[in-house]
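Please open the model in your viewer and keep the selection panel at hand. The tour proceeds by selections.

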Amino acid sequence: MTPAFFQAARTILSKRRWLCLGLLLVTRLEAQQGVLDLTTLANYAAQPVPAYINATKDNTTPGNAITNAGATLGRVLFYDKRLSRNDTVSCSSCHQQSKAFGDTATASTGVNGTTGRHSMRLINARFATESRFFWDERADTLEAQTTRPIQDHVEMGFSATNGDPAFTDLVTKLSTIEEYRVLFALMYGDATITEARVQNALAQFVRSIQSFDSRYDQGRAQVAADNVNFPNFSASENAGKQLFLAAPGGGGGAGCAGCHRAPEFDIDPNSRNNGVITKIGGGTDLTNTRSPSLRDLEGPSGTLNGGLMHDGSFNSLLNVINHYAAIPGDNATLDPRLRRPGGNVQVLNLTTQQRSDLVAFLRTLTGNAVYTDPKWSSPFNASGGLDLIIISSSAITFQSNGNGTATLTCKAAQGLNYQLQSSPTPAATGAWTNVTTVTADANGLLLHTVNVGTGATFFRFTYTPPAS
């Protein structure tokens with residue numbers, strides 16, 4: 001019996017064309033940015049979360065838990081400038097990984113001007129009791145939030161107003177792109193693109209962005225509670241932590257934890273205005289009642305990850321402490337925790353040392369990996385190109401079963417449908433014959449048993465993007 005042969009080719013999907021490449025060329029491509037391997041998805045769904053993080057502080061919308069495939073699609077959507085009207089702005093333009101997914105600009109630049117509020121950092125957006133999003137909480141869920149910027153005339157321009165195309169036009173645009181047909185099929189089982197599916201994928205990616213490797217986390221893992229001294233903290237950092245946690249007045253603290261609850265440092269859903277009422281460009285804004293987590297206010301180098309507050313007006317942590325130490329004025333929506341008996345606004349009488357201690361503590365909340373981890377980085381190359389590896393060139397086997405059959409095994413993208421084809425010669429153009437359709441299993445493996453004839457036979461798995 002002459003053994004059959006399996007053609008060990010890797011299949012890559014390019015945004016420019018369909019390619020079936022040999023191993024040598026693909027090895028060269030794999031070392032370059034702009035290649036996304038769907039046969040080995042990054043771990044988004046099962047990231048470790050510290051035991052001291054409150055499991056009930058998770059705003060994941062029922063039915064949209066993080067999956068590796070969903071967050072991978074969300075990552076591509078998040079970084080793709082083609083989601084804007086003129087292909088110049090992506091979600092990542094205003095939420096940059098190097099800045100804890102925030103922006104150093106006070107107002108971020110969109111396709112038609114600048115934003116009315118400062119871009120909120122997205123660190124640990126999932127770990128909060130508050131399920132509403134935007135500074136003014138106008139989106140009921142993260143899913144609803146994700147496509148609002150896309151449909152904003154200023155930000156990304158699919159607003160269906162002021163001469164803009166509508167979101168349905170974006171759906172049509174994405175449906176013509178091969179890699180999106182593959183990615184939506186990977187997540188949903190078919191290539192249909194809808195706003196709800198875009199929202200789910202983007203929300204999964206944003207919820208996957210987490211930071212739990214700060215000096216605070218290293219200390220918290222060694223103790224039973226937040227209110228005891230951390231062994232890895234300086235005296236100033238421990239003093240600042242106690243000031244942060246303790247209530248003002250008789251409690252002897254600054255009361256920060258009343259609104260920003262440790263250890264997630266998420267915002268209390270009942271929080272109201274914090275006394276900052278100015279608007280970018282002038283005027284008054286009393287509608288801001290939300291805040292991002294206080295984690296990663298600064299980057300690892302000690303540089304602020306953009307201005308603080310909804311108007312980006314505070315350029316240091318000390319500015320923030322000074323604001324809360326003496327609230328500058330009252331307003332109808334001021335949080336009652338910032339008022340004192342008799343209707344006066346909060347004055348804490350903090351010493352210079354206490355203010356310094358609070359700043360020192362806040363700096364312990366900065367992590368490291370979130371700024372560099374590839375799974376949260378752009379999948380595109382510098383030219384905006386993206387290649388998807390659909391079939392791996394490694395882990396391909398042809399195992400004779402000794403009974404006139406052999407088993408083909410190939411590493412592929414989980415859940416996608418592939419064509420097994422055969423040919424009498426490896427280079428026969430147009431001579432490949434479809435044998436059967438094989439679906440990659442839960443481990444991302446294509447498995448199929450074939451009959452081995454007396455003549456040489458070549459086999460290959462191929463993949464064609466589904467129709468939209």
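The stops below concern a helix, the nonpolar cores and a pair of packed helices.

This is a predicted model, in which local features need pLDDT of at least 70 and side-chain atom pairs count only at pLDDT 80 or more, while totals for chains, interfaces and linings use all residues. Residues are numbered from 1 along each chain as its sequence is written, and side-chain values use heavy atoms, with hydrogens and water left out.

Select first helix H6, residues 178–188; helices are DSSP runs (H or I) of at least four residues, numbered from the N terminus. Nine of the eleven residues of H6 are buried, where buried means under 20% relative accessible area with a 1.4 Å probe, protein chains only. Among them are Glu 179, Tyr 180 and Arg 181. Just after H6, Gly 189 takes a positive phi of about 95°.

Next, select Tyr 180 and Tyr 418, which touch the most other members of the largest nonpolar core, a set of 72 residues. Such a core joins buried Ala, Val, Leu, Ile, Met, Phe, Trp, Tyr and Cys residues through side-chain atoms within 4.5 Å. Apart from this core lies another, of 28 residues, including Phe 230 and Leu 304.

Finally, select H10 (residues 317–325) and H11 (residues 352–363), whose axes, 9 Å apart, make an angle of about 125°. These axes are lines fitted to C-alpha atoms over the stretch in contact, with angles running from 0 to 180 degrees between N-to-C directions. In H10, Leu 317, Leu 318, Ile 321, Asn 322 and Ala 325 meet Arg 355, Leu 358, Val 359, Leu 362 and Arg 363 of H11, contact being heavy atoms within 4.5 Å.

Key:
Buried means under 20% relative accessible area, exposed over 50%, partly exposed in between (1.4 Å probe, protein chains only). Helices (H or I, at least four residues) and strands (E, at least two) are DSSP runs, numbered from the N terminus.
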